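This report covers the contacts with nucleic acid, the interface between the protein chains and one sheet. The structure is shown first.

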There are 2 protein chains.
Amino acid sequence: MVNRGVPEKREGTGEEAEISASQRGESRDYVLDEQVGFILRQVQQRHAALFTTRVGGDLTPTQWAVLAKLAEVGGMSQNLLGRQTAMDNVTIKGVVERLVKRGLLVTRRDPADPRRFSISLSPAGSAVYAERVGPAREVTRETLEPLDSEERDALLRLLSKLR
Amino acid sequence: MVNRGVPEKREGTGEEAEISASQRGESRDYVLDEQVGFILRQVQQRHAALFTTRVGGDLTPTQWAVLAKLAEVGGMSQNLLGRQTAMDNVTIKGVVERLVKRGLLVTRRDPADPRRFSISLSPAGSAVYAERVGPAREVTRETLEPLDSEERDALLRLLSKLR
DNA sequence: CGTTTACTGTTCGTATACGAACTAAAGCCG
DNA sequence: CGGCTTTAGTTCGTATACGAACAGTAAACG
């Protein structure tokens, strides 16, 4: 049903505004709703909404990722933490800053390398993690709820290939 | 106390981090890298990077979505456009605003309903769409490149269920 | 040893994304 | 008609996300 041949070609440039490209039929079928990037964005929006509902609006998915990673492997430098949680060094800085301000993280200068400082969970951070890891699992479960067990495995396998 | 045979490795940063929940074994296995939300975020990051490379940094995926939707179905109100492109009314406002400022969109008040105005592509907007729809297709192709044809269909089918 | 390169963290600017609260106008209904 | 609800669009505030450019230090290497 979907045209898969993909012969690339030609754009007529001199055109009138009101007649859309697809209406002229000159560009084969670029349907927004079928583009993987657009679908991905919507799935992530749904996930984020579930996260807010279940885990709570005072913790965002990115902030949770930081707490979870630190709970998982312990303290590490800010930049490494960013890499482990898929954030660039500007983003991780902001996230850490806000979590420190809320008392969930503690930072301390690394004596071996004065450029970096080690970041770890505070007792309050550990408590928040312990308290919300259940809801966080629920979010994962609910996100995948429309799929059966076999489909879930397949999806995670395929998505992981695209990371 | 649940002591499984899974040895949690410490990082060699030479510090005594808090004892993590997973190290205590009190929370069964919440591994960030296996959570669908975390994977989704990474896949979207990869897609966004490809988009910037291929389509160009002066157009974001969301801006492209607006152009593509308008090219597909023609003019419509701002809020409807937002719904069609999966943006809330605040986000779509900002996106439209920036595209109007760049001359890619035109707006005009709806005489039948003075609250709303109709948004459509300007000639310049149509030209930009025609010029970049090819690269945009490339982005979709490259994003899915790690998968074979069968896997791509499966992924899109599964993702669509989670929208 | 000193130079070059790489890494850590920073600030600045721009662009999504969304909750909350608001104005104004349309639609509905008794 | 008048009142209630819904919708279209706006403003404000906060939180990712990332490119670009920067300073300071570590590491590599000749």
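## DNA strand D

In this predicted model, DNA strand D is surrounded by 23 residues, and the closest are T60(A), T62(A), N79(B), R115(B) and F117(B). Sugar or phosphate accounts for 72% of the strand D atoms within 4 Å of the protein, and bases account for the rest. The residues of the surface near DNA strand D comprise five nonpolar, nine polar and nine charged.

Both chains contribute helices to the surface near DNA strand D. From chain A, α3 (61-73) and α5 each supply at least two residues, as do α2 (36-54), α4 (78-84) and α5 of chain B. The largest share, four residues, comes from α5(A).

Individual polar contacts reach both the backbone and the bases of the strand. R98(A) places a polar side-chain atom 2.9 Å from a phosphate oxygen of DNA strand D. F117(B), listed among the closest residues, approaches a phosphate oxygen of DNA strand D through a backbone N or O atom, at 2.8 Å. On the base side, an N or O atom in the side chain of N89(B) is 3.4 Å from a base nitrogen of DNA strand D.

## DNA strand C

DNA strand C is likewise surrounded by 23 residues; N79(A), R115(A), F117(A), T60(B) and T62(B) are the closest. Of the strand C atoms within 4 Å of the protein, 72% are in sugar or phosphate, with the rest in bases. The surface near DNA strand C has nine charged, nine polar and five nonpolar residues.

Helices that each give at least two residues to the surface near DNA strand C are α2 (36-54), α4 (78-84) and α5 (89-101) of chain A, along with α3 (61-73) and α5 (89-101) of chain B. Here α5(B) gives the most, with four residues.

Two arginines of chain A contact phosphate oxygens of DNA strand C. For R41(A), a polar side-chain atom lies 2.9 Å from such an oxygen; for R83(A), the corresponding distance is 3.2 Å. A base contact comes from chain B: an N or O atom in the side chain of R115(B) is 3.3 Å from a base nitrogen of DNA strand C. R115(B) is also listed among the closest residues to DNA strand D.

## Interface of chains A and B

The size of an interface is often given as the accessible area lost when the parts come together. Between chain A and chain B, about 6,700 Å² is buried, and carbon and sulfur atoms give 58% of that area. On the chain A side, Y30(A), L162(A) and R163(A) lose the most area to chain B, together 12% of what that side buries. In terms of contacts, 70 residues of chain A meet 72 residues of chain B.

There are 22 residue pairs in polar contact between the two chains, counting pairs with both residues at pLDDT 80 or more. On the side of chain A that touches chain B, two or more residues come from each of α1 (21-24), α2, α3, β3 (117-121), α6 (123-143) and α7 (149-161) of chain A. Of these elements, α2(A) has the largest share, twelve residues. This side of chain A has 33 nonpolar, 19 polar and 18 charged residues.

## Salt bridges

Side chains of opposite charge can pair when their charged atoms come close. Over all chains the count is 27 salt bridges, and six salt bridges are found across the interface of chain A and chain B.

K69(A) forms a salt bridge with D33(B), with the closest N and O atoms 3.0 Å apart. K69(B) and D33(A) also meet in a salt bridge, at 3.0 Å from N to O. K69(B) belongs to helix α3 of chain B and D33(A) to the loop between α1 and α2 of chain A, so this pair joins two chains.

## Sheet of chain B

In chain B, three strands form an open antiparallel sheet in the order β1-β3-β2. The edge strands are β1 (76-77) and β2 (105-109), each pairing on one side only.

Five bridges link β2(B) in the antiparallel sense to β3 (residues 117-121) of chain B. V106(B) stands opposite S120(B) in β3(B).

How values were computed. Residues numbered from 1 in each chain as written. Chains lettered and ligands numbered in written order. Heavy atoms only, no water. Pairing = 2+ DSSP bridges. Near = heavy atom within 4 Å. Polar contact = N/O pair within 3.5 Å; in protein donor to acceptor, adjacent residues only side chain to side chain. Nonpolar A, V, L, I, M, F, W, Y, C, P; charged D, E, K, R; others polar. Contact = heavy atoms within 4.5 Å. Buried area = accessible area lost by both parts, 1.4 Å probe. Salt bridge = Lys/Arg side-chain N within 4 Å of Asp/Glu carboxyl O.
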